[in-house]
Amino acid sequence: MVNDMISDMLTRIRNANLAKHQIVQVPATKMTKNILNVLREEGFIAQFEEIGENLKNYLIISLKYKGKNKKPVITELKRVSKPGLRVYANHKNLPKVFGGIGIAIISTSQGVMTDRSARYFGLGGEVLCYIW
C-alpha cells in the first residue's frame, strides 16, 4: 500500500523518462487523473487512458519525446507538498518555476490547475509539484 500516490506517480514518470519508455502505468485515483489532465493540457504528456482490471484501475500514460535522439519533454519533476509537510500558498505568493518556463501544479478549491491559472482566477491552494 502506497501512502503518497502523487509521489509514486511522479517517480514512475521520472523513471520511465530516464529509461526512455513510451508508456508507463500508474494506479488510478481522482487526484492522479486531475494532475495528468493538467500535464496533457500543458503538453508534457501525449495522452492517458484508464484501464480497469479486477477492481483495480490503472492509468496508462503515453510520454512525449522530441527529436531523433528521444529527448524527454519533461526535464524534471519535483514533489513540493508531502503528507508530512503540506505547503500552501495564497494567490499573491504562488511560485513561478524557472521564471514561467516550468509549471507548478496547485490544488485549489476550484480543482487542480497550473500556477498561471490559479493566479488568473485569484485562487491559492496546496502546491503539489513543480514540472519543467
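**Close-up views of the predicted model**

**View 1. F98 lies in the loop between β7 and β8.** A quick heads-up before going further: this is a predicted model. The backbone at F98 has a phi near 50°, and that is a positive value in a residue other than glycine. For background, most residues other than glycine have a negative phi. So how should F98 be classed: buried, partly exposed or exposed? Its relative accessible area is 52%, and the cut-off for exposed is over 50%, so F98 counts as exposed.

**View 2. The ring of F98 meets the ring of W132.** The count of aromatic pairs comes to 2. In this one, the ring centres of F98 and W132 are 4.8 Å apart and the planes stand at 80°, so the pair is edge-to-face. The two partners come from distant parts of the chain, 34 residues apart: F98 from the loop between β7 (88-89) and β8 (103-108), and W132 from the segment after β10 (125-131). W132 has a relative accessibility of 22%; buried would need a value under 20%, so W132 counts as partly exposed.

**View 3. Y120 and F121 also make an aromatic pair.** Which kind of pair do Y120 and F121 form? It is edge-to-face, with 5.1 Å from centre to centre and 75° between the planes. Y120 is exposed, and its relative accessible area is 68%. F121 is exposed as well, with a relative accessible area of 54%.

**View 4. K70 sits in the loop between β4 (65-66) and β5 (71-72).** Where phi is concerned, K70 has a value near 55°, which is positive in a residue other than glycine. As for its surroundings, K70 has a relative accessible area of 30%, so K70 goes down as partly exposed.

**View 5. K71 belongs to strand β5.** Relative accessibility at K71 is 47%; since exposed starts over 50%, K71 is still partly exposed. Which residues does K71 touch once those up to four places away in sequence are set aside? The answer is Y65 and K66. Pull back a bit and you can pick out R86, which is 15 residues from K71 in sequence. In space, K71 and R86 are 33 Å apart, going from C-alpha to C-alpha.

**View 6. T32 is part of helix α2 (residues 30-41).** Is T32 buried or exposed? Its relative accessibility is 0%, so T32 counts as buried. Skip the neighbours within four places in sequence, and the residues in contact with T32 are M5, M9, P27 and L59.

**View 7. T114 is in strand β9, which covers residues 111-114.** T114 has 4% relative accessibility, so T114 is classed as buried. What is T114 in contact with, leaving aside its neighbours within four places in sequence? The list is V38, E42, I103, A104 and I106.

**View 8. Zooming out, the protein chain has 3 helices and 10 strands.** Follow the sequence and the elements come in the pattern α-β-α-β-β-β-β-β-β-β-β-α-β. The radius of gyration is 15 Å, close to the 14 Å that the globule rule gives for 132 residues, so the protein chain is as compact as a globular protein of that length. If you want a box around the C-alpha atoms, allow roughly 40 × 40 × 25 Å along the principal axes. Of the contacts with a separation of 6 or more, 59% involve residues 24 or more positions apart.

**View 9. Here is the surface and charge picture of the protein chain.** Of the 132 residues, 40% are buried. About 7800 Å² of the protein chain is exposed, and 51% of that comes from carbon and sulfur atoms. How many positive and negative side chains are there? The protein chain has 20 positive and 10 negative ones. The centres of these two sets lie 6 Å apart.

Note on methods:
Residues numbered from 1 in each chain as written. Predicted model: local features only at pLDDT ≥ 70, side-chain atom pairs only at ≥ 80, totals over all residues. Heavy atoms only, no water. Helix = DSSP H or I, 4+ residues; strand = E, 2+ residues; numbered from the N terminus. Buried < 20%, exposed > 50% of the residue type's maximum accessible area, 1.4 Å probe, protein only. Contact = heavy atoms within 4.5 Å. Rg over C-alpha atoms; globule rule 2.2 N^0.38 Å. Areas by Shrake-Rupley, 256 points an atom, 1.4 Å probe, with all protein chains shown as cover. Lys, Arg positive; Asp, Glu negative; His and termini not counted. Charge placed at Lys NZ, Arg CZ, Asp CG, Glu CD. Phe/Tyr/Trp six-rings, centres within 6.5 Å; stacked < 30°, edge-to-face > 60°.
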